[in-house]
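Work through the exercises below with the structure open. Each task is followed by a solution in steps.

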Amino acid sequence: MILSSRVYEVAQETPLQYATTLSTKLKNSIYLKREDLQPVFSFKIRGAYNKISHLTEKQREKGIVCCSAGNHAQGVALASTKLKVKAKIVMPISTPSIKVDAVRHHGGDFSEIILYGDNFDEAQAEARRLESEEGYTMIAPFDDPLVIAGQGTCGLEILKQSMGKDIDAIFICCGGGGLLAGIAAIIKRIRPEIKVIGVEAADAPGMTQSLLAGRVVSLPTVGLFADGAAVKTIGRETFRLCSQFVDDMIIVSTDEICAAIKDGFNDTRIVLEPAGALAIAGVKRYISKNGIVGKSFVATASGANMDFDRMRFVADRADNRETLISVKIPEVPGSFRQLYEQIFPRNVTEFSYRYQESSFAHIFLSFHAKNAEDASKVLDKLREKEYEVIELSDNEMAKVHARHLAGGRSPNVKNEVLYRFEFPEKPGALNLFLQKISSSWNVSLFHYRNHGADVGRVLVGLQIPPEEQQKFDHFLQVLGYTYFDETDNPVYTRFLL
Ligand SMILES: Cc1ncc(COP(=O)(O)O)c(C=O)c1O
């Protein structure tokens, strides 16, 4: 089926590019499959075009429907224009205008954009209604043999382009599993000795969990950062193929994805979107976990439809040389200098302090170490000099909120609890959050910063008298947002209380 796919009437045969800088850094040869160079800036055009080009004359005449706020919508829009098939593309009302405009651009007169529903599920229900009640053919984003076969053409190109090279493994990003299943199927048929490894975001590991369970598992929630791959339920057909052909799965964190976006940029000068950089993050983790040197690997660079607003968040997180710490120093002249002497000549990237009427002070400080060993060396040196140090590089509350909250101490506030919330970011989301949170209790601390990510992150201090604790617990359940109790976080007690 892959061999008979008709994708090249619109898709490009993209290059398999040797990533010079990344290869040197990882001491292995890394090749990037540049799907960001497709006319819609992602591989999605392959599957959409293949599916639509195989429709019957009657189906084409009636038209097609799909639901997507992302790359699938752009693939369907461009394919429908090329094949002159009318398409209804349903997107949630809150879809950012940049994405709506991209679909409009590719779809021209052939695509009708229908903005419907407050979220993806409501938009999808409308697309299904158009399919069942009005007879349009649904173009699924991943769980369709023709879509999977279209994505598989990418695997065929990798085989052709890597001929004569001793490729050890291919790393492929996974959302619903269409690209992974398509590439795995062709690789295992032609060169079964090459390992095929799927890569998922740690907060959306649908394929990993399903393969472990031996059946399709639905995730109750998924993180939205790698939005292209944020899928609650993977496909049945993609699961069947991946069970048969995929050797292993790897999951990577948000910080690893951000670092991979930076690696992709260093070699290509292209900013990959988070889902587009998943496979690079996967190959890096695989090499470091297994201590591999001198092998050859391919990673799919699957898309570059990056929201410009997100780059601030990505740039903040991509810097894995940055070590964030809190240090307690005596409140006497010369303390700052003495502290810095322990860190010099390393670059200090952040330094925050506020006087607190006592004999000591807590400093927020970050510095650039050469590597993890170098960072530990600094921490050991500080502890030898009897500084009290807390490592905060993995402390989400400190990284997202507290470092931006200068001088927020308030010792007189009574019965304060501190919670960190995450909620889907969309226009009006913060307002809605405020309405919900501030109706019953006094808000004593609040921090929100728009990170240009799909998830809003808020830190809230609330005054909850002990007799209201139960009511508050109930409120948290009803609110329905992801939350973390940060009341015992040492950063809170040191800097904010
Ligand atoms: C850039 C990018 N990478 C990866 C994926 C995941 O693809 P699949 O759902 O076929 O696993 C998508 C899906 O839209 C995507 O847009």
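**Exercise 1.** How many residues surround the ligand, and which are the closest?

*Solution.* The model is predicted. The ligand is surrounded by 17 residues, and K44, N71, G175, G177 and S302 are the closest. By class, the shell around the ligand has six nonpolar, nine polar and two charged residues.

**Exercise 2.** Find the polar atoms of G177, G228 and S302 that lie by the ligand, then state how much of the ligand the protein buries.

*Solution.* Start with the backbone. A polar backbone atom of G177 is 2.8 Å from an oxygen atom of the ligand. For G228, a backbone N or O atom lies 3.3 Å from a ligand oxygen atom. Next take the side chain of S302: one of its N or O atoms is 2.7 Å from a nitrogen atom of the ligand. Finally, the ligand taken alone exposes 390 Å², of which the protein buries 96%. Helix 8 (178–190) and helix 12 (274–290) are the elements that give two or more residues to the shell around the ligand.

**Exercise 3.** Classify the aromatic pair formed by F472 and F475, and decide for each residue: buried or exposed?

*Solution.* The structure holds 11 aromatic pairs. In the pair of F472 and F475, the centres are 6.1 Å apart and the planes 25 degrees apart. Planes under 30 degrees apart count as stacked, so this pair is stacked. Both residues lie in helix 18 (residues 469–479), three residues apart, about one turn of the helix. The relative accessible area is 0% for F472 and 16% for F475. Buried means under 20%, so F472 is buried and F475 is buried. Together with Y419, F421 and Y483, F472 and F475 form one aromatic cluster.

Methods
Residues are numbered from 1 along each chain as its sequence is written. This is a predicted model: local features need pLDDT of at least 70, side-chain atom pairs count only at pLDDT 80 or more; totals for chains, interfaces and linings use all residues. Side-chain values use heavy atoms; hydrogens and water are left out. Rings of Phe, Tyr and Trp (its six-membered ring) pair if their centres lie within 6.5 Å; planes under 30 degrees apart count as stacked, over 60 as edge-to-face and the rest as tilted. Helices (H or I, at least four residues) and strands (E, at least two) are DSSP runs, numbered from the N terminus. Buried means under 20% relative accessible area, exposed over 50%, partly exposed in between (1.4 Å probe, protein chains only). A residue is near a molecule or strand if one of its heavy atoms lies within 4 Å of it. A polar contact is a pair of N or O atoms within 3.5 Å; within protein, one must be able to donate a hydrogen and the other to accept it, and residues adjacent in sequence count only if both atoms are side-chain atoms. Accessible areas come from the Shrake-Rupley method with a 1.4 Å probe; for residues, only the protein chains shown count as cover. Ala, Val, Leu, Ile, Met, Phe, Trp, Tyr, Cys and Pro count as nonpolar, Asp, Glu, Lys and Arg as charged, and the others, Gly among them, as polar.
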